[in-house]
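Please open the structure in your viewer and keep the sequence panel visible. The tour proceeds by selection, and each stop states what is to be found there.

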Amino acid sequence: MATCRKCHPQCVCCCQGYKHAAPHKLPHYMHLQDPGSFFERNWEQKPAVFKATAERVALFQGLCSLPAVVNWLKQRQKKAGPLAFGVDFNTARYRNGVRETPNGEVADAGGFKALHDDEGCTLQLFQPQRFFDPCWRLLAALERQLGCLVGSNAYLTPAGSQGLAPHYDDVELWVVQTHGSKVWKLYQSTNGYQLPNQPCPDFDQVRALPATHT
């Protein structure tokens, strides 16, 4: 039985403080009328796409955003100092078929925002659940629903830019777009790597295989 880190030890639902994100309601917000069918047909097999609804927008918009991170960082750096590259976050930029990682050593709130606004970098914030309660509450709900550990990263990408090259991951991913608009392309698993146990190298931007979802 999961419990809140801020609640009484007898609290039976780690997510009641997160509006409607109680574990038993997660299938509802994914519109899974039959969760068993999802795990049988999609889990570890092929992508499933869930379009935005008013309920989902209300649920996920509060997870993480650039203004929220910058405001939090302004408060944090007064006591704990700036964020460290490679420990708290990375920068990423994909231009002309080349992946760049223009990391430095540390970044305060102003430097963090400048990397996003002026340098066109995607900011990859590691484990935002350490800093933002809505993130850890959602992860706790997923862990209870799925019966396994769940981690997270937040990617803050400026308009008109791309942070990462096409790639596949060696874990099951739930990708939640919380703000703005973006074109996503999903592909069938690379032949022989339907369940990879190692991360892949970056692929070329142009793929021979057609996308299964755009």
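Helices (H or I, at least four residues) and strands (E, at least two) are DSSP runs, numbered from the N terminus. The model is a predicted one, in which local features need pLDDT of at least 70 and side-chain atom pairs count only at pLDDT 80 or more, while totals for chains, interfaces and linings use all residues. Residues are numbered from 1 along each chain as its sequence is written, and side-chain values use heavy atoms, with hydrogens and water left out.

**Overview**

Begin with the whole protein, which has 6 helices and 6 strands. Along the sequence these follow the pattern α-α-α-α-β-β-β-β-α-β-α-β. Of the 214 residues, 34% count as buried; buried means under 20% relative accessible area, exposed over 50%, and partly exposed in between, with a 1.4 Å probe and protein chains only. Contact means heavy atoms within 4.5 Å. Among the contacts with a separation of 6 or more, 71% are between residues 24 or more positions apart.

**Strand S5 and its partners**

Select S5, residues 122-126. Since 5 of its 5 residues are buried, S5 is largely enclosed by the rest of the structure. Thr-122, Gln-124 and Phe-126 lie on one side and Leu-123 and Leu-125 on the other, so that both faces are covered.

Two strands pair if DSSP finds at least two bridges between them. Which strands pair with S5 in the antiparallel sense? S2 does so over 4 bridges, and S6 likewise over 4 bridges. On the S2 side, Asn-90 stands opposite Gln-124, and Leu-123 is the bridge partner of Thr-91. On the S6 side, Gln-124 has Tyr-155 as its bridge partner, while Phe-126 stands opposite Asn-153.

Extend the selection to S6, residues 153-156. Its side chains alternate: Ala-154 and Leu-156 point to one face and are buried, whereas Asn-153 and Tyr-155 point to the other and are not.

**Strand S2 and its hairpin**

Next select S2, residues 89-95. This strand is mostly covered, with 6 of its 7 residues buried. S2 is joined to strand S3 (residues 98-100) by 3 bridges, and the two run antiparallel. Within this pairing, Tyr-94 stands opposite Arg-99. The hairpin of S2 and S3 has 2 residues between the strands, and Asn-96 there takes a positive phi near 55°.

**Asp-88**

Move to Asp-88, which lies in the loop between S1 and S2. Is Asp-88 buried or exposed? Its relative accessibility is 7%, so Asp-88 counts as buried. With neighbours within four places in sequence left aside, Asp-88 is in contact with Arg-76, Leu-83, Gln-124, Leu-125, Phe-126, Arg-130 and Phe-131.

**Helix H5**

Select residues 109-117, which form H5; its buried residues are Ala-109, Phe-112, Leu-115 and His-116. These cover an arc of only 130° around the axis, which puts them on the same side of H5; the arc is that of the directions from the helix axis to the C-beta atoms. The elements covering them include helix H4 (66-79), strand S1 (83-84) and strand S4 (106-107). At the start of H5, a side-chain oxygen of Asp-108 reaches to within 3.3 Å of the backbone nitrogen of Gly-110.

**Aromatic rings**

Rings of Phe, Tyr and Trp (its six-membered ring) pair if their centres lie within 6.5 Å; planes under 30 degrees apart count as stacked, over 60 as edge-to-face and the rest as tilted. A search of the whole structure finds 6 aromatic pairs. Display Trp-72 and Phe-132: their ring centres are 5.7 Å apart and their planes at 55°, so the pair is tilted. The pair links distant parts of the chain, with Trp-72 in helix H4 and Phe-132 in the loop between S5 and helix H6 (133-146), 60 residues apart. Trp-72 counts as buried at 17% relative accessibility, and Phe-132 is buried with a relative accessible area of 11%. Then display Phe-39, Trp-43 and Trp-174, which ring pairs link into a cluster.

**Cys-200**

Finish at Cys-200, in the segment after S6. Cys-200 is buried, with a relative accessible area of 14%. Not counting residues up to four places away in sequence, Cys-200 touches His-167 and Tyr-168. The C-alpha atoms of Cys-200 and Tyr-168 are separated by 6.1 Å, although the two residues are 32 apart along the chain.

Note on methods. Polar contact = N/O pair within 3.5 Å; in protein donor to acceptor, adjacent residues only side chain to side chain.
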